[in-house]
Amino acid sequence: MKQNKLKPCPFCGGEAKLKTSKCHIAANLFQTKYFVRVGTEIKCTECGMSCYEGMTDFVYDCSKNHKDIYLKESLFETKTVRKARKRWNRRAEDERREAD
């Protein structure tokens with residue numbers, strides 16, 4: 001199965017949905033340091049079982065258009081989505097097959 005596709009819920013077999021959230025907040029008065037948080041949640045639409053992957057960092061950004069912040073958010077989104085998908089799609093039988 002392709003890594004980009006989400007497997008059904010391991011508990012009930014329901015459909016899984018992926019949702020990403022992003023935020024950045026000024027961490028100092030001069031708005032040159034920002035707190036950046038990106039999270040990805042995968043949740044079963046039937047039973048509500050979910051997994052979450054998040055990343056947080058401080059970013060120094062003195063530009064007018066906040067380019068550095070958006071670059072960091074984009075990088076974090078790519079990483080959290082990949083990690084959350086990998087975690088959701090992991091199954092015990094796959095690991096047993098690989099060990100044999």
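**Notebook: strands, helices and cores**

I began with burial in this predicted model, and I noted that of the 100 residues of the chain, 26% count as buried. I then looked up the accessible surface, which comes to about 7100 Å² for the chain, with 51% of that area belonging to carbon and sulfur atoms.

Next I went through the elements, and I found two helices and three strands in the chain, which from the N terminus on follow the order β-β-β-α-α.

I turned to the strand pairing, where strand β1 (residues 16-26) and β2 run antiparallel and are joined by eleven bridges. I looked for the partner of alanine 16 and found that this residue stands opposite cysteine 44 in β2. The two strands β1 and β2 form a hairpin, with six residues between them, and in the turn I noted glutamine 31, whose phi is positive at about 55°.

Which residues make up the largest nonpolar core? I listed eight, namely Leu6, Cys9, Ala16, Ile42, Cys44, Cys51, Ala84 and Trp88. I checked where they come from, and both β2 (33-44) and α1 (67-89) supply at least two residues of this core. Apart from this core I found another one, of seven residues, including Tyr34, Val38, Met55 and Val59.

I then followed one core member, alanine 84, and, leaving aside its neighbours within four places in sequence, I found it in contact with Thr40, Ile42, Cys51 and Glu53.

Last, I looked at the contacts between residues at least 6 apart in sequence, and I noted that 56% of these contacts in the chain join residues at least 24 apart.

Methods. Residues are numbered from 1 along each chain as its sequence is written. This is a predicted model: local features need pLDDT of at least 70, side-chain atom pairs count only at pLDDT 80 or more; totals for chains, interfaces and linings use all residues. Side-chain values use heavy atoms; hydrogens and water are left out. Helices (H or I, at least four residues) and strands (E, at least two) are DSSP runs, numbered from the N terminus. Buried means under 20% relative accessible area, exposed over 50%, partly exposed in between (1.4 Å probe, protein chains only). Contact means heavy atoms within 4.5 Å. Accessible areas come from the Shrake-Rupley method with a 1.4 Å probe; for residues, only the protein chains shown count as cover. A nonpolar core is a set of buried Ala, Val, Leu, Ile, Met, Phe, Trp, Tyr and Cys residues joined through side-chain atoms within 4.5 Å. Two strands pair if DSSP finds at least two bridges between them.
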